[in-house]
Amino acid sequence: MSTMAVPPEPPHVLAVDDSIVDRAVISRLLRSSKYRVTTVDSGKRALEFLSLDSNVHMIITDYCMPEMSGYDLLKRVKETAELREIPVVIMSSENSTARIRMCLEEGAEDFLIKPVRPSDVSRLCSRLIAR
């Protein structure tokens with residue numbers, strides 16, 4: 001009887017964006033980098049998902065969303081003991097230095113300017129693997 005090695009499970013990313021097009025783009029980029037991706041359309045849904053399954057290796061979220069911004073989601077994640085170690089990456093189409101600084105100071109792992117490119121995703125992948 002041979003023992004087969006079980007391949008490691010791919011890292012799980014929670015992608016949060018109110019735009020269906022942007023969710024599809026980031027999901028495709030992450031999946032092509034061998035991530036397992038769950039997408040949700042709001043910060044509120046992200047928190048609901050995380051309350052059921054906190055086995056997430058990274059959260060990537062849009063900054064500007066109705067109800068709860070990506071910045072508010074970041075703050076909630078970093079304030080929650082069970083979630084605070086999950087790296088959070090913020091995306092925005094606005095290249096605002098003040099916004100970027102504010103997010104990084106609050107604990108964001110990175111800040112990506114949309115449209116997100118494959119090179120952005122591979123940079124994130126290498127940083128996550130290095131953890």
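Start by selecting strand β1 and strand β3 (residues 58-62), which pair in the parallel sense over four bridges. Two strands count as paired if DSSP finds at least two bridges between them. Helices (H or I, at least four residues) and strands (E, at least two) are DSSP runs, numbered from the N terminus. Within this pair, V13 stands opposite M58 in β3.

The model is predicted, so local features need pLDDT of at least 70 and side-chain atom pairs count only at pLDDT 80 or more, while totals for chains, interfaces and linings use all residues. Residues are numbered from 1 along each chain as its sequence is written, and side-chain values use heavy atoms, with hydrogens and water left out.

**Stop 1: strand β1 and its other neighbour**

Keep β1 (residues 12-16) selected and show its side chains. How many of the five residues of β1 are buried? Five of the five are, so the strand is largely enclosed by the rest of the structure. Buried means under 20% relative accessible area, exposed over 50%, and partly exposed in between (1.4 Å probe, protein chains only). H12, L14 and V16 point one way from β1, V13 and A15 point the other way, and all are buried.

Now add β2. β1 and β2 pair in the parallel sense over five bridges, and V16 stands opposite V40 in β2. To follow the connection, select helix α1 (residues 20-32): the chain crosses from β1 through α1 to β2, and this β-α-β crossover is right-handed. A crossover is right-handed if, with the strands pointing away from the viewer, the path from the first strand over the helix to the second runs clockwise.

On the way from α1 to β2, pick K34, which is found in the loop between these two elements. K34 has a positive phi of about 70° although it is not a glycine. With a relative accessible area of 63%, K34 is exposed.

**Stop 2: the whole sheet**

Select the strands together. They form an open sheet of five strands in the order β2-β1-β3-β4-β5, with parallel pairing. Which are the edge strands? They are β2 (36-40) and β5, each of which pairs on one side only. From one strand to the next, the twist averages 20°.

**Stop 3: after β3, and two helices**

Go to the loop between β3 and α3, where Y63 is found. Is Y63 buried or exposed? At 13% relative accessibility, Y63 counts as buried. Measure across to R101 in the viewer: the C-alpha atoms of Y63 and R101, 38 residues apart along the chain, are separated by 13 Å.

E67 lies in the loop between β3 and α3. Its phi is near 70°, a positive value in a residue other than glycine. E67 counts as exposed, at 75% relative accessibility.

Next, select helix α2 (residues 43-52) and helix α3 (residues 70-79). Two packed helices are described by the angle between their axes and the distance between the axes. The axes of α2 and α3 come within 9 Å and cross at roughly 25°. That makes α2 roughly parallel to α3. Axes are lines fitted to C-alpha atoms, for helices over the stretch in contact, and angles run from 0 to 180 degrees between N-to-C directions. Angles under 35 degrees count as roughly parallel, over 145 as roughly antiparallel, 65 to 115 as roughly perpendicular and the rest as oblique. The crossing of α2 and α3 is right-handed; a crossing is right-handed if the near helix is turned clockwise from the far one by less than a right angle, and left-handed if anticlockwise.

**Stop 4: β4, α4 and β5**

Select strand β4 (residues 88-92), which pairs with β5 in the parallel sense over four bridges. Across this pair, V89 stands opposite D110 in β5, and M91 stands opposite L112. Add helix α4 (residues 97-105) to see that β4, α4 and β5 make a right-handed β-α-β unit.

In the loop between α4 and β5, pick A108. A108 is buried, with a relative accessible area of 9%. A108 and V89 are 19 residues apart in sequence and 5.7 Å apart in space, C-alpha to C-alpha.

**Stop 5: D110 and the end of β5**

D110 is found in strand β5 (residues 110-113). At 10% relative accessibility, D110 counts as buried. What joins the side chains of D110 and R123? A polar contact of 2.7 Å does. A polar contact is a pair of N or O atoms within 3.5 Å; within protein, one must be able to donate a hydrogen and the other to accept it, and residues adjacent in sequence count only if both atoms are side-chain atoms.

Finish at P115, in the loop between β5 and α5 (118-130). A cis peptide bond joins K114 and P115, with omega about 0°.
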